[in-house]
Amino acid sequence: MRKLVSALVLAFLALPALAQNTCDSQAADKKLAGAAKTSFLKKCNATAASWAQSGCEAKAAEKKLAGAAKTSFTKKCVRDAATGASAPASAPT
């Protein structure tokens, strides 16, 4: 069960970087331009950020973090997910 949760969290963390490419390609497929493209990308990327936030909060809960430690961890996790960075594979959980 723990491995499944970890795999899901990693998938959520990868979403923002993938979503940017997906959002851009979806906008291109729809032939959006100008304000319509900007609006679409804003909504699409916000949805991806929401998924990353959820994944990071789940990972913080798995680590049993609370208070300032949870807030700090979640902020860094979301920021890393947005830039495509990830923790080393050998990092302890």
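Is Asp80 buried, partly exposed or exposed? I looked up its accessibility first: Asp80 comes out at 21% relative accessibility, so I put it down as partly exposed. The cut-off for buried is under 20%, and I kept that in mind here. A reminder to myself before going on: this is a predicted model.

**Entry: the salt bridge**

I stayed with Asp80 and looked for its partner. Its side chain meets the side chain of Lys76 in a salt bridge, with 2.7 Å from N to O. Where do Asp80 and Lys76 lie? I found both in helix 3, four residues apart, which is about one turn of the helix. I checked Lys76 for exposure too, and with a relative accessible area of 44% Lys76 is partly exposed. Then I went through the model for salt bridges and the count came to one.

**Entry: the overall layout**

I stepped back to the whole chain. How many helices and strands are there? I counted three helices and zero strands. Read from the N terminus, the order is α-α-α. The chain has 93 residues, and 19% of them count as buried. I also looked at contacts between residues at least 6 apart in sequence: 57% of these join residues at least 24 apart.

**Entry: helix 2 against helix 3**

Next I took the pair formed by helix 2 (residues 34–62) and helix 3 (residues 67–83). Their axes come within 9 Å and cross at roughly 140°. I logged helix 2 as oblique to helix 3 because of that angle: the roughly antiparallel class needs an angle over 145 degrees. The crossing of helix 2 past helix 3 is right-handed.

Which residues make the contact? On the helix 2 side I listed Ala52, Gln53, Cys56, Glu57, Lys59 and Ala60. On the helix 3 side I have Lys70, Phe73, Thr74, Cys77, Val78 and Ala81. Sorted by character, the residues of this contact come out as seven nonpolar, two polar and three charged.

**Entry: Ala60**

I picked one residue of that contact for a closer look. Ala60 lies in helix 2, and its relative accessible area is 0%, so I noted it as buried. What does Ala60 touch once its neighbours within four places in sequence are left aside? I got Leu65, Lys70, Phe73 and Thr74. For Thr74 I also pulled the C-alpha to C-alpha distance: Ala60 and Thr74 are 6.8 Å apart in space and 14 residues apart in sequence.

**Entry: the two loops**

I then went to the loops for backbone angles. My background note reads that most residues other than glycine have a negative phi. With that in hand I wrote down two lysines.

Lys31 has a positive phi of about 55°, although it is not a glycine. It sits in the loop between helix 1 (2–29) and helix 2. Is Lys31 buried or exposed? I have it as exposed, with a relative accessible area of 72%.

Lys64 is the other entry. Its phi is near 60°, again a positive value in a residue other than glycine. Lys64 belongs to the loop between helix 2 and helix 3. At 75% relative accessibility, I counted Lys64 as exposed.

**Entry: Thr22 and Leu41**

Last, I looked at helix 1, where Thr22 has its place. Thr22 is partly exposed, with a relative accessible area of 35%. How far is Thr22 from Leu41, C-alpha to C-alpha? I read 9.8 Å, for two residues that are 19 apart along the chain.

Methods. Residues are numbered from 1 along each chain as its sequence is written. This is a predicted model: local features need pLDDT of at least 70, side-chain atom pairs count only at pLDDT 80 or more; totals for chains, interfaces and linings use all residues. Side-chain values use heavy atoms; hydrogens and water are left out. Axes are lines fitted to C-alpha atoms, for helices over the stretch in contact, and angles run from 0 to 180 degrees between N-to-C directions. Helices (H or I, at least four residues) and strands (E, at least two) are DSSP runs, numbered from the N terminus. Angles under 35 degrees count as roughly parallel, over 145 as roughly antiparallel, 65 to 115 as roughly perpendicular and the rest as oblique. A crossing is left-handed if the near helix is turned anticlockwise from the far one by less than a right angle, and right-handed if clockwise. Contact means heavy atoms within 4.5 Å. Ala, Val, Leu, Ile, Met, Phe, Trp, Tyr, Cys and Pro count as nonpolar, Asp, Glu, Lys and Arg as charged, and the others, Gly among them, as polar. A salt bridge is a side-chain nitrogen of Lys or Arg within 4 Å of a carboxyl oxygen of Asp or Glu. Buried means under 20% relative accessible area, exposed over 50%, partly exposed in between (1.4 Å probe, protein chains only).
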